[in-house]
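This report looks at how parts of one protein chain that lie apart in sequence are brought together in its fold. It moves from the overall layout to individual pairs of residues.

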Amino acid sequence: KKFSTPRGDADDCRLLCFIAFSCTLIGSCCFFTAVCRSPGACLVQLGRAERRRGYEEALRHAAAITWTSPEEAFNWWGTKGTVIHELQMLGPERSKFCTARRQCVPMFDHYCAFLRNSVGPGNYGAFFGCVSSAFLCCVSLVLAAAQQGRTGILCFFAMVALLLGAVLLFHLALAAFALTTWEMLQISRGRPLPYLLDEKGEYRNPYDRGFLRNLKARVFGELQTGLEDLNALSV
């Protein structure tokens, strides 16, 4: 006797497959956008000369530090900007030199091996959309496989969904704390960055504006960077 699927279950399965297909299309567009778009570059915001002067001032301040200097424990460069030796410049707060792209990325998050690109203000929204779409796609396929009794497919996509869900929750937590992956990594190592510390060396995040505003700023790129700052400037 052949097994007959109830009409309601068949309609639900088709709907779930359609959702998975739609998420695949959206996720693919986000993936290629994140791959092709520059994460951003910050060499042109103030000009090379001014950034070079800031770098030299930071070096002089560090050279004058002694073991009795009170600020040595948390800011011995004397600046809250990022000292980038590779480019001999002082980058803005939250920036970092990406060794893979050989450029200073404003609000650097991390380097993604799957994208083969850094993730910054220029492509973070596409990266977040890619992860979210892939997660929703896997969840839809898990539900569809459960209705059809496909245990192997269910287990495979359930494991993938768990991994993607963990990544998604991690980035939502970063938005809740108004931090990037790089900043969270430095804090976990006991080396918080100078711009996240007050005058006494205690943690204080001046960028925290609440979860929703933080998430909006990350995903939709609320950084007011010009088009030039989103171009990759190689050295």
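In this predicted model, residues 24 or more positions apart account for 59% of the contacts in the chain with a separation of 6 or more. The secondary structure consists of six helices and six strands, and along the sequence these follow the pattern α-α-β-β-β-β-β-β-α-α-α-α. Of the 235 residues of the chain, 40% count as buried.

**Salt bridges**

The chain contains two salt bridges, which are set out below.

| Pair | N to O distance | Separation in sequence |
|---|---|---|
| Arg94 and Glu183 | 2.8 Å | 89 residues |
| Arg218 and Asp109 | 3.1 Å | 109 residues |

In the salt bridge between Arg94 and Glu183, Arg94 belongs to the loop between strand 2 (89–91) and strand 3 (96–98) while Glu183 belongs to helix 5 (residues 181–188), so the pair ties together parts that are 89 residues apart in sequence. Arg94 and Glu183 are both buried.

The salt bridge between Arg218 and Asp109 likewise links distant parts of the chain, with Arg218 in helix 6 (residues 211–219) and Asp109 in the loop between strand 4 (103–105) and strand 5 (110–112). Arg218 counts as buried because its relative accessibility, 9%, falls under the 20% cut-off, and Asp109 is buried as well, with a relative accessible area of 0%.

**The surroundings of Glu183**

Glu183 has a relative accessible area of 1% and is therefore buried. Apart from neighbours within four places in sequence, Glu183 is in contact with Arg94, Ala178, Leu193, Tyr195 and Leu196. The C-alpha atom of Glu183 is separated by 9.6 Å from that of Met107, a residue 76 positions away along the chain.

**Helix 3 against helix 6**

Arg218 also takes part in the contact between two helices, in which Tyr124, Gly125 and Phe128 of helix 3 meet Leu215, Arg218 and Val219 of helix 6. By class, this contact of helix 3 with helix 6 comprises four nonpolar, one polar and one charged residues. The axes of helix 3 (residues 124–148) and helix 6 come within 7 Å and cross at roughly 105 degrees; because angles of 65 to 115 degrees count as roughly perpendicular, helix 3 is described as roughly perpendicular to helix 6.

**Val119 and the loop after helix 1**

Which residues does Val119 contact, leaving aside its neighbours within four places in sequence? They are Pro39, Phe108, Asp109, His110, Cys112, Tyr124 and Phe127, a list that includes Asp109, the salt-bridge partner of Arg218, and Tyr124, one of the helix 3 residues in the contact with helix 6. Val119 itself is found in strand 6 (residues 117–119), and with a relative accessible area of 0% it is buried. The C-alpha atoms of Val119 and Pro39 are separated by 5.4 Å, although these residues are 80 positions apart along the chain.

Ser38 is found in the loop between helix 1 (7–36) and helix 2 (48–63). A polar atom of the Ser38 side chain lies 3.1 Å from the backbone nitrogen of Gly40. Is Ser38 buried or exposed? Its relative accessibility is 10%, and Ser38 therefore counts as buried under the 20% cut-off.

Methods
Residues are numbered from 1 along each chain as its sequence is written. This is a predicted model: local features need pLDDT of at least 70, side-chain atom pairs count only at pLDDT 80 or more; totals for chains, interfaces and linings use all residues. Side-chain values use heavy atoms; hydrogens and water are left out. Helices (H or I, at least four residues) and strands (E, at least two) are DSSP runs, numbered from the N terminus. Buried means under 20% relative accessible area, exposed over 50%, partly exposed in between (1.4 Å probe, protein chains only). A polar contact is a pair of N or O atoms within 3.5 Å; within protein, one must be able to donate a hydrogen and the other to accept it, and residues adjacent in sequence count only if both atoms are side-chain atoms. A salt bridge is a side-chain nitrogen of Lys or Arg within 4 Å of a carboxyl oxygen of Asp or Glu. Axes are lines fitted to C-alpha atoms, for helices over the stretch in contact, and angles run from 0 to 180 degrees between N-to-C directions. Angles under 35 degrees count as roughly parallel, over 145 as roughly antiparallel, 65 to 115 as roughly perpendicular and the rest as oblique. Contact means heavy atoms within 4.5 Å. Ala, Val, Leu, Ile, Met, Phe, Trp, Tyr, Cys and Pro count as nonpolar, Asp, Glu, Lys and Arg as charged, and the others, Gly among them, as polar.
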